[in-house]
Amino acid sequence: FGIPLNETDRLRVNLDFKQTEIKITPYSSDEVKGFITDNGSKFMVVPLSIGWSHDSRNRAIFTSSGGLHRFSALAPSPGLALQYYKLSYRALYYFPLADDLTLSLTGSLGYGDTYGSSKTFPFFENFFAGGVNSVRGFQDNTLGPRDSNNDPLGGKSKLVGSAEVYFPIPFMEDLDSMRLSAFIDAGNAYATSVSLSGVKYSAGLAAEWLSPFGAITISYAIPFNRSEEHTSELQSHL
């Protein structure tokens, strides 16, 4: 249910019913096997989430001023097999520096943990970082903790931030359906709490096109402190 409070604020309440069954294979990680040992392999949860958003952007696509705040809190009903909670917050600001020059600052924070009798945070509710809409230049969801098979596992918390400057295509300033940007991204996912010592960085260029099928962004980023399994320089998304 979405409830508009005024022109810029909106409250949202969501109730889900989830039935989950985990099946392991000979290749399943130790973390998955350990979670099943401690909690079982079948779960029924009824998570309730409450969210608030404040959107003062002048437009949703090719924004040049205003900002966006989003906060959400989620927790399943007490007394069921899994008792945990997740908190998420995202802030996005646009500052017009000149007629055709806009600075964008973005930050995203997530944290989760258990409560009650539960001791292990569900691995399938972990936060992930890296890739499109996160830290570009790194493969999607590859940053942060890894399991016993060296595959991305995600973590109970994440911190991602970005600074980006948008500008028109040189010698094509009258083209309103495309623009370029230069950006710096930073962030990571963490097993427990956020730590700035583990932040990964990247920088690059991006192009946005308002196509007949929707907004398309293509970015090229170079990671600064990478591992080989993380990188993927050319990325695009709709």
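Let's start with four rings. F35, F43, F123 and F124 form one aromatic cluster. Keep in mind that this is a predicted model.

Two of those names come back right away. The largest nonpolar core has nine residues, and F35 and F43 are among them. The others are I22, V32, I36, V45, L82, Y84 and F121. Which elements give two or more residues to this core? They are α1, residues 30-39, and β4, residues 42-45. The helix α1 gives the most, with three residues.

Now back to the rings. How many aromatic pairs does a search of the whole structure find? The count is nine. Let me take one pair, Y85 and Y111. A pair of aromatic rings is described by two things: the distance of the centres and the angle of the planes. For Y85 and Y111, the centres are 6.4 Å apart and the planes stand at 50°. Why do we call this pair tilted? Planes under 30 degrees apart count as stacked, and planes over 60 count as edge-to-face. The angle here is 50°, so the pair is tilted.

Where do these two tyrosines sit? Y85 is in strand β7, residues 84-98. Y111 is in strand β8, residues 101-114. They are 26 residues apart, and the pair links distant parts of the chain. Are they buried or exposed? Y85 is partly exposed, at 26% relative accessible area. Y111 is partly exposed too, at 30%.

Next, charges over rings. K86 lies over the face of F127, at 4.7 Å from the ring centre. R179 lies over the face of F62, at 4.9 Å from the ring centre. Hold on to K86. We need that lysine again in a moment.

On to salt bridges. Side chains of opposite charge can pair when their charged atoms come close. A search of the whole structure finds seven salt bridges. I will show you three.

Begin with E125 and K18. Their closest N and O atoms are 3.8 Å apart. E125 lies in the loop between β8 and β9, and K18 lies in strand β3, residues 18-21. These parts are 107 residues apart in sequence, so the salt bridge ties together distant numbers on the chain. K18 is partly exposed, with a relative accessible area of 33%. Is E125 buried or exposed? At 11% relative accessibility, E125 counts as buried.

E125 has another partner, and here K86 returns. E125 forms a salt bridge with K86, with the closest N and O atoms 3.4 Å apart. K86 lies in strand β7, so this pair ties together parts that are 39 residues apart in sequence. K86 is buried, at 17% relative accessible area. Put the two bridges together. Salt bridges that share partners join K18, K86 and E125 into one network.

The next bridge is E164 with R136, at 3.3 Å from N to O. E164 is in strand β10, and R136 is in the loop between β8 and β9. They are 28 residues apart. Both side chains belong to buried residues: E164 has a relative accessible area of 8%, and R136 has 10%.

Now the surface. A nonpolar patch there covers about 790 Å². Which residues make this patch? They are I3, L5, W52, F71, L87, Y89, L109, V194 and L196. Take V194 as one of them. V194 is in the loop between β11, residues 178-190, and β12, residues 200-211. V194 is partly exposed, with a relative accessible area of 32%.

Next, the backbone. Look at the loop between β9, residues 137-138, and β10, residues 157-167. N141 lies in this loop, and N150 is found there as well. What do they share? N141 has a positive phi near 60°, and N141 is not a glycine. N150 is not a glycine either, and its phi is positive at about 65°. N141 is partly exposed, at 39% relative accessible area. N150 is partly exposed, at 47%.

One distance to finish. D55 is in strand β5, residues 47-55. D55 is partly exposed, with a relative accessible area of 29%. How far is the C-alpha atom of D55 from that of S148? The two are separated by 42 Å, and they sit 93 residues apart along the chain.

Definitions and conventions: Residues are numbered from 1 along each chain as its sequence is written. This is a predicted model: local features need pLDDT of at least 70, side-chain atom pairs count only at pLDDT 80 or more; totals for chains, interfaces and linings use all residues. Side-chain values use heavy atoms; hydrogens and water are left out. Rings of Phe, Tyr and Trp (its six-membered ring) pair if their centres lie within 6.5 Å; planes under 30 degrees apart count as stacked, over 60 as edge-to-face and the rest as tilted. Helices (H or I, at least four residues) and strands (E, at least two) are DSSP runs, numbered from the N terminus. Buried means under 20% relative accessible area, exposed over 50%, partly exposed in between (1.4 Å probe, protein chains only). A charge sits over a ring if NZ of Lys or CZ of Arg is within 6 Å of the ring centre and within 35 degrees of the ring normal. Patches are made of residues with over 30% relative accessible area and no salt bridge: like charges are joined within 9 Å, nonpolar side chains (Val, Leu, Ile, Met, Phe, Trp, Tyr) within 5 Å. Accessible areas come from the Shrake-Rupley method with a 1.4 Å probe; for residues, only the protein chains shown count as cover. A salt bridge is a side-chain nitrogen of Lys or Arg within 4 Å of a carboxyl oxygen of Asp or Glu. A nonpolar core is a set of buried Ala, Val, Leu, Ile, Met, Phe, Trp, Tyr and Cys residues joined through side-chain atoms within 4.5 Å.
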